[in-house]
Amino acid sequence: MWKVDEGPDARTGAPPGTPGTANPRLRMLADLVADGDVVVLSGAGLSTESGIPDYRGETGRMRRAEPMTYQTFVGSAAARRRYWARSHLGWRHIAGALPNAGHRAVAGLQERGLVGGIITQNVDGLHHAAGARDVIELHGGLDRVRCLSCGRRTSRHELERRLGEANPGWHAHARTAVINPDGDAVLDDDLVEAFRIVDCRDCGGVLKPDVIFFGENVPGPRVQECYELVERAGLLLVLGSSLTVMSGYRFVRRAAEHGIPVAIVNQGPTRGDGDALLTLDAPLGPTLAALAAALDPAR
Ligand SMILES: NC(=O)c1ccc[n+]([C@@H]2O[C@H](COP(=O)([O-])OP(=O)(O)OC[C@H]3O[C@@H](n4cnc5c(N)ncnc54)[C@H](O)[C@@H]3O)[C@@H](O)[C@H]2O)c1
Ligand SMILES: [Zn+2]
């Protein structure tokens, strides 16, 4: 796979490793994006520069715990307590994360009318936080909670307040070493056992974050909406996803089947590389900022 030039950018003199517009691959990408109708498919790699680890990149290798599966969560009260205890700690980290240059560049391209749709596999809300509109959150969002019995959705902030009230003083004892991608944190067993979870205020049902766990399917209409977006696209632009999970990869396959060009910006290989017209192995923040600058009509 092509790598970012190691030398300084010829035009801007930017330090080595900074993708510049003199870079031919970036120029090619800018030409493709300039034609418009771009549909973005983003993954965890877009948020690592905001301090949220991914699963399969460098930051994800430090993960200790396995991600929660739907079956475990639904089948075990102890598993739910462990999930919410860890997540109650990890939430501060996720809620405090800020969008990075990559999210801002995507929102800027949308603002200029070049992006026809944004599908994200991320659950961190950072596309919205950067000002992007109509983002399809394929796997849901951590900022809301759903009751498994009555289906009512409530805000995560409200749940955090209730969890805080149910566990006075708990935070002071909790020390966390590792924050995991899904807003989970590694926690001692005694602290998990001391943690009290809360149920749906309306019906007493089990509360689950409004995200798709492993072992759970994305709702059919949401998938269909994404397929329709992809089929209308002039370019499918994958940002920061290994595409290991079929849930995202299927859109790359659909684009390829319809003869729609696919471009991938990702550090390291992805499952979609063979389907792509263009791959760029480069850090997303500086690369997308350079892309946005290259497309800036004011230049
Ligand atoms: N931020 C989040 O919301 C978040 C974080 C982790 C996982 N998840 C969930 O887990 C699943 C993970 O699959 P995925 O394909 O999105 O992620 P992934 O972890 O499988 O792949 C991320 C890819 O991004 C690359 N990468 C990391 N930082 C980068 C950077 N700064 N610039 C360029 N490339 C970079 C990595 O090398 C890796 O190949 C998703 O379904 C998602 O729902 C979400
Ligand atoms: Zn309920």
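Start by selecting Cys-147, which sits in strand β4, residues 140-147. Keep in mind that you're looking at a predicted model. Cys-147 has 19 other C-beta atoms within 10 Å, and a residue needs 20 or more to count as buried, so Cys-147 comes out as partly exposed. Leaving aside residues up to four places away in sequence, Cys-147 touches Arg-152, Cys-200, Cys-203, Gly-205 and Leu-207.

Now add Cys-150, Cys-200 and Cys-203 to the selection: together with Cys-147, they carry the feature "binding site" in an unreviewed UniProt entry. These four span 57 residues in sequence, yet no two of their C-alpha atoms are more than 8.5 Å apart, so they gather at one spot.

Next, click on Cys-203, in the loop between α8 (189-194) and β6 (207-211). Cys-203 is partly exposed too, with 13 C-beta neighbours inside 10 Å. Again setting aside residues up to four places away in sequence, its contacts are Cys-147, Ser-149 and Cys-150.

Time to move on to helix α10, residues 246-257. At 1.5 Å a residue, its 12 residues should span 16 Å, and the end C-alpha atoms are indeed 16 Å apart. Colour Gly-248, Phe-251, Val-252 and Ala-255, which are buried. They cover an arc of only 100° around the axis, so they lie on the same side of α10. Residues three or four places apart point the same way because an α-helix has 3.6 residues a turn.

What covers those buried residues? Show β1 (38-42), β2 (115-120), α9 (220-232), β7 (235-239) and β8 (262-265), which are among the covering elements. Then flip to the other side of α10, where Met-246 and Glu-257 are exposed.

Last stop: Gly-259, which follows α10 and has a positive phi, near 70°.

How values were computed:
Residues are numbered from 1 along each chain as its sequence is written. Chains are lettered from A and ligands numbered from 1 in the order in which they are written. This is a predicted model: local features need pLDDT of at least 70, side-chain atom pairs count only at pLDDT 80 or more; totals for chains, interfaces and linings use all residues. UniProt positions are given in the numbering used here, feature names are shortened, and annotations may be inferred rather than shown by experiment. Helices (H or I, at least four residues) and strands (E, at least two) are DSSP runs, numbered from the N terminus. A residue is buried if 20 or more other C-beta atoms lie within 10 Å of its own, exposed if 12 or fewer, and partly exposed in between; C-beta atoms are placed from the backbone. Two residues are in contact if their C-beta atoms, placed from the backbone, lie within 7 Å. The expected span of a helix is 1.5 Å times one less than its number of residues. The arc is that of the directions from the helix axis to the C-beta atoms.
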